[in-house]
Amino acid sequence: MIDRLGRSITYMRISVTDKCNLRCRYCMPEEGVCKKSHFDMLTEDEMITAVEAAAALGIKKLRITGGEPLVKKNIVSICRRAAGVEGISEVCLTTNGILLPRLAKPLKEAGVKRLNLSLDTLDPQKYAYITRIGTLDDFWAGLEAAFDAGFEKIKINAVLIGGFNDDEIVPLAQLTKQYPVDMRFIEMMPMYDSGDFDEKAFIPCTNVLDHLPEALPAEQDGGVARLYRLPGAQGNIGLISPVSAHFCGECNRIRLTADGRVKPCLHASDEYSLKGLDFEGMKRVLEEAIRSKPAWHGDLDALHRSQAGRNMNQIGG
Ligand code: SAM
Ligand code: SF4
């Protein structure tokens with residue numbers, strides 16, 4: 001469907017749960033999520049009906065995210081059924097990787113095309129700090145499992161945080177020489193409750209290029225990341241700059257939260273509920289949500305927090 005500003009909306013991100021087995025400081029509070037009634041969340045059947053309704057409006061690509069999608073018990077079934085919906089050409093998934101040793105193969109068999117894994121640091125102590133409860137070895141085991149299951153074009157995402165991992169830009173970028181992966185740096189977005197980061201933590205992605213003078217522009221793939229490549233690398237470096245250089249003019253996406261709210265924009269407070277609706281009802285509400293998609297996400301920096309009204313784990317980053 002084309003929105004009122006002429007943007008073609010073809011991509012839906014579905015947060016299948018707001019729960020997570022980590023507690024990244026920029027994403028969710030230490031105590032985890034408030035327990036919501038089971039009845040408030042979308043059922044698997046409702047999620048699939050939402051995908052069918054979205055596909056009927058021209059959504060072609062899905063990204064399954066969270067929270068941590070792999071903590072959802074029926075994640076393999078959700079992915080398999082979503083991949084089978086007519087009109088859906090690609091189902092991808094974003095994960096912290098921790099549960100991939102058990103789930104990489106079943107997800108591949110279920111039709112998941114590509115994986116994005118999140119990794120902010122190569123230092124085990126810093127990893128334990130930023131995730132509050134994670135172990136870096138578990139990430140590496142997950143990446144290995146993803147390769148073993150036959151996933152290709154894996155992307156690794158790092159949230160760029162001044163004073164935390166800007167001293168690791170070079171070693172993180174060099175992962176593209178060691179592995180056939182893209183390494184993407186994402187500017188940290190100031191969410192509703194995203195931790196105690198001061199102004200210096202919010203740095204622009206252009207800093208990455210200052211540390212990588214040998215990086216050359218690579219062929220762009222139409223996504224939101226600006227792509228570069230190190231000589232001899234097997235994958236690209238991607239810079240994603242929602243704060244310093246927003247890409248709202250080309251935004252092609254909507255989001256669906258685990259409690260059934262369509263968010264036309266990650267950073268706007270507007271939400272449209274699909275909970276309890278049938279296919280026709282969901283299609284109508286999705287249409288309304290797409291029609292209302294704002295022109296841009298508004299100011300976003302250390303002083304202007306996102307108006308989303310939710311943390312990232314409740315939206316699906
Ligand atoms: N749990 C999965 C993971 O970590 O990959 C999927 C959900 S997570 C919310 C999706 C992505 O959002 C991750 O790459 C994470 O680093 C990113 N993210 C979370 N909070 C963020 C923030 N405040 N600013 C920028 N990116 C953020
Ligand atoms: Fe969990 Fe992903 Fe948020 Fe980290 S970024 S707390 S892994 S949902």
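A residue counts as buried when its relative accessible area is under 20%, and as exposed when that area is over 50%. The structure described here is a predicted model, and this scale is a handy way into it. Asp 3 offers a good starting point: its relative accessibility is 5%, under the 20% limit, so Asp 3 is buried.

Asp 3 sits in the segment that comes before strand S1 (11-15). What does the side chain of Asp 3 meet there, 2.9 Å from one of its polar atoms? The partner is the backbone nitrogen of Leu 5. The side chain of Asp 3 also makes a polar contact of 2.7 Å with the side chain of Arg 7. When neighbours within four places in sequence are set aside, Asp 3 is in contact with Ile 9, Ile 290 and Lys 293.

Lys 293, one of those partners of Asp 3, belongs to the segment after helix H9. Is Lys 293 buried or exposed? With a relative accessibility of 3%, Lys 293 counts as buried. A polar atom of the Lys 293 side chain lies 3.0 Å from the backbone oxygen of Arg 253. Beyond four places in sequence, the contacts of Lys 293 are Asp 3, Arg 4, Arg 7, Ile 9, Cys 251, Arg 253 and Pro 264. Lys 293 and Met 12 are 281 residues apart along the chain, and 13 Å separates their C-alpha atoms.

Attention now turns to the ligands. Ligand 1 is surrounded by 18 residues, and the closest of them are Tyr 26, Gly 67, Glu 68, Ser 118 and Met 189. By class, this shell holds seven nonpolar, nine polar and two charged residues. Strand S3 (90-95) and strand S5 (154-160) each contribute at least two residues to the shell. Several polar atoms approach ligand 1. A polar backbone atom of Tyr 26 is 3.1 Å from a nitrogen atom of the ligand, and a polar backbone atom of Gly 67 is 3.0 Å from a nitrogen atom of the ligand. In the case of Ser 118, a polar side-chain atom lies 2.5 Å from an oxygen atom of ligand 1. How much of ligand 1 does the protein bury? Taken alone, the ligand exposes 550 Å², and the protein buries 95% of that area.

Gly 67 appears again around ligand 2, together with Cys 20, Leu 22, Arg 23, Cys 24, Cys 27, Met 28 and Asn 96. The shell of ligand 2 consists of five nonpolar residues, two polar ones and one charged one.

Helix H2 (residues 75-83) shows how burial can follow the geometry of a helix. Its residues Ile 75, Val 76, Ile 78, Cys 79 and Ala 82 are buried. Looking down the axis of H2, these buried residues fall within an arc of 160 degrees, and therefore they line one face of the helix. Among the elements that cover them are helix H1 (44-56), strand S2 (61-65), strand S3 and helix H3 (100-109).

Loops can hold buried residues too, as two cases illustrate. Gly 235 lies in the loop between strand S8 (226-229) and strand S9 (237-240), and its relative accessibility of 2% makes Gly 235 a buried residue. Not counting residues up to four places away in sequence, Gly 235 touches Thr 176, Val 181, Asp 182 and Arg 229. Leu 274 is found in the loop between strand S12 (272-273) and helix H9 (279-291); at 1% relative accessibility, Leu 274 counts as buried. With residues up to four places away left out, Leu 274 touches Ala 50, Leu 256, Gly 260, Val 262, Met 282, Val 285 and Leu 286. Leu 274 and Val 181 are 93 residues apart in sequence, and their C-alpha atoms are 36 Å apart in space.

Two further loop residues stand out for their backbone angles. Arg 132 has a positive phi of about 65 degrees although it is not a glycine. Arg 132 lies in the loop between helix H4 (124-131) and helix H5 (136-148) and is partly exposed, with a relative accessible area of 22%. Lys 153, also not a glycine, has a positive phi near 50 degrees. The loop between H5 and S5 contains Lys 153, and at 64% relative accessibility Lys 153 counts as exposed.

Methods
Residues are numbered from 1 along each chain as its sequence is written. Chains are lettered from A and ligands numbered from 1 in the order in which they are written. This is a predicted model: local features need pLDDT of at least 70, side-chain atom pairs count only at pLDDT 80 or more; totals for chains, interfaces and linings use all residues. Side-chain values use heavy atoms; hydrogens and water are left out. A residue is near a molecule or strand if one of its heavy atoms lies within 4 Å of it. A polar contact is a pair of N or O atoms within 3.5 Å; within protein, one must be able to donate a hydrogen and the other to accept it, and residues adjacent in sequence count only if both atoms are side-chain atoms. Accessible areas come from the Shrake-Rupley method with a 1.4 Å probe; for residues, only the protein chains shown count as cover. Helices (H or I, at least four residues) and strands (E, at least two) are DSSP runs, numbered from the N terminus. Ala, Val, Leu, Ile, Met, Phe, Trp, Tyr, Cys and Pro count as nonpolar, Asp, Glu, Lys and Arg as charged, and the others, Gly among them, as polar. Buried means under 20% relative accessible area, exposed over 50%, partly exposed in between (1.4 Å probe, protein chains only). The arc is that of the directions from the helix axis to the C-beta atoms. Contact means heavy atoms within 4.5 Å.
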